[in-house]
Amino acid sequence: MKYYPEGLLLPPLSTINQAIEEAFREHGEGRARMPPKVYVNFEKGDFRTMPAYLPGLGVAGVKIVNVHPENPKIGLPTVMALTVILDPETGRPEAVLNATLLTDLRTGAAGAVAAKYLAPRRSVTLGIVGSGRQAVAQVNAIAEILEIEEMRVWSRTPANAARFGDLFDRISCIPSSIERACDADLIVTTTPSRKPLVRSEWIGEGTHINAIGADAPGKEELDPALLTRARVFVDDMEQAVHSGEVNVPISTGLYTAGEIAGTLGEVVCGRKKRETADEITVFDSTGLAIQDLAIAALVMEGGEGTELRFP
């Protein structure tokens, strides 16, 4: 069995985007095997286990990942992860990967895939709500497929919004009010909020939103009234209803699972799409184990892991 540390040479973002798109295609065509993630809650966070099998890649495994929003105060990432890869034929463990950075990258790539298919145009203004690691990953991945004319960034900590633009040499970045950040063609939300931040009246027709932050029961970033105006696409129906952006509105009766327009996999397969230039679309991302398998397969193809031997 091999161990792949975080410092390995990674494939280009364009390659990661393509691999994640193909994983969503396999999901949309019904070939992926993936039960919903399982949560264990702590006082300050949680950890999740995420098993899956991608027959198209011949790869199976499970990711263990934590989410502790207060970790940056003590110098640790909010999200840390480990992926174990198994041989589908024998169940033999083949590799262990430090998946902390890989989790950032595969989630960013999912946002890029959603933007590729659902953004209203190829050249966009980009609104960013939240300025942490995942916001950076989203911008980097989206910039591979769309031209970003201008970026408007809001953070609860204004200094963080001001520093955010320093990370992107070629993109004009303006620290903004949240209302101004929401006045954009494409909006990305990446906060751990448990109450809506983005109000429906701030969102204009034709906007696409990548709702990334709500990935556990009780989390929500968007005004439920906005969901009723929009066509909402989820990454996985069962998982999103339980723990995605739609989970709180569904549990409180403000939204129903029947109103969900479809999955991103169905969009990638061509079964669903943005139907008009004026409609509002939302991608509700909870993070799928198939994404972790797809990016793990890329790393294993391109890098030399350290051999681990056990008695």
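**Domain contacts and salt bridges**

Visitor: How far apart, N to O, are the side chains of E21 and K116 in their salt bridge?
Guide: This is a predicted model. A salt bridge here needs nitrogen and oxygen within 4 Å. The side chains of E21 and K116 meet that rule, with an N to O distance of 3.0 Å.

Visitor: Which other side chain meets E21 in a salt bridge, at 3.7 Å?
Guide: Look within helix α1, four residues along from E21. That spacing is about one helical turn, so E21 and its partner are separated by about that much. At 3.7 Å, N to O, the side chain that meets E21 is R25.

Visitor: Is E21 buried or exposed?
Guide: Buried means under 20% relative accessible area. E21 has 8%. Its partner R25, at 23%, is partly exposed. Because its value is 8%, E21 is buried.

Visitor: Into which domains is the protein divided?
Guide: One part takes two stretches of chain, 2-103 and 290-306. The other part covers 105-288. Their C-alpha centres lie 22 Å apart. The two parts are domain 1 and domain 2.

Visitor: How many residues of domain 2 are in contact with domain 1?
Guide: Contact is counted for heavy atoms within 4.5 Å. Domain 1 brings 32 residues to the contact. On the domain 2 side, the number is 36.

Visitor: What area is buried between domain 1 and domain 2?
Guide: Interface size is often given as the accessible area lost when the parts come together. Carbon and sulfur atoms give 59% of the area here. The area buried between domain 1 and domain 2 is about 2,700 Å².

Visitor: Which residues in domain 1 lose the most area to domain 2?
Guide: Three residues stand out on that side. Together they make up 22% of what domain 1 buries. They are N17, F24 and Q291.

Visitor: How many residue pairs are in polar contact across the interface of domain 1 and domain 2?
Guide: The interface also holds three salt bridges. For polar contact, both residues must be at pLDDT 80 or more. Across the interface, the rule then finds 21 pairs.

Visitor: Which element supplies the largest share of the side of domain 1 that touches domain 2?
Guide: Elements with at least two residues on that side are α1, β3, β4, α2 and α10. The largest share is 10 residues. It comes from α1.

Visitor: How many nonpolar residues has the side of domain 1 that touches domain 2?
Guide: Sort that side by class. Seven residues are polar and eight are charged. The nonpolar residues number 17.

Visitor: With which residue does R106 form a salt bridge?
Guide: The pair links distant parts of the chain, 186 residues apart. R106 lies in helix α2, and its partner in helix α10. Both residues are buried. With closest N and O atoms 2.8 Å apart, the partner of R106 is D292.

Visitor: How far apart in sequence are the parts that E279 and R231 tie together?
Guide: The side chains of E279 and R231 meet in a salt bridge of 3.3 Å, N to O. E279 lies in the loop between α9 and β14, and R231 in strand β12, so the pair ties together parts separated in sequence by 48 residues.

Visitor: What is the relative accessible area of R231?
Guide: E279 counts as buried at 13%. R231 is buried too. Its relative accessible area is 17%.

Visitor: Which residues do salt bridges that share partners join into one network?
Guide: The structure holds 17 salt bridges. Those that share partners join E21, E22, R25 and K116.

How values were computed:
Residues numbered from 1 in each chain as written. Predicted model: local features only at pLDDT ≥ 70, side-chain atom pairs only at ≥ 80, totals over all residues. Heavy atoms only, no water. Domains from an automatic or database assignment. Buried area = accessible area lost by both parts, 1.4 Å probe. Polar contact = N/O pair within 3.5 Å; in protein donor to acceptor, adjacent residues only side chain to side chain. Nonpolar A, V, L, I, M, F, W, Y, C, P; charged D, E, K, R; others polar. Buried < 20%, exposed > 50% of the residue type's maximum accessible area, 1.4 Å probe, protein only.
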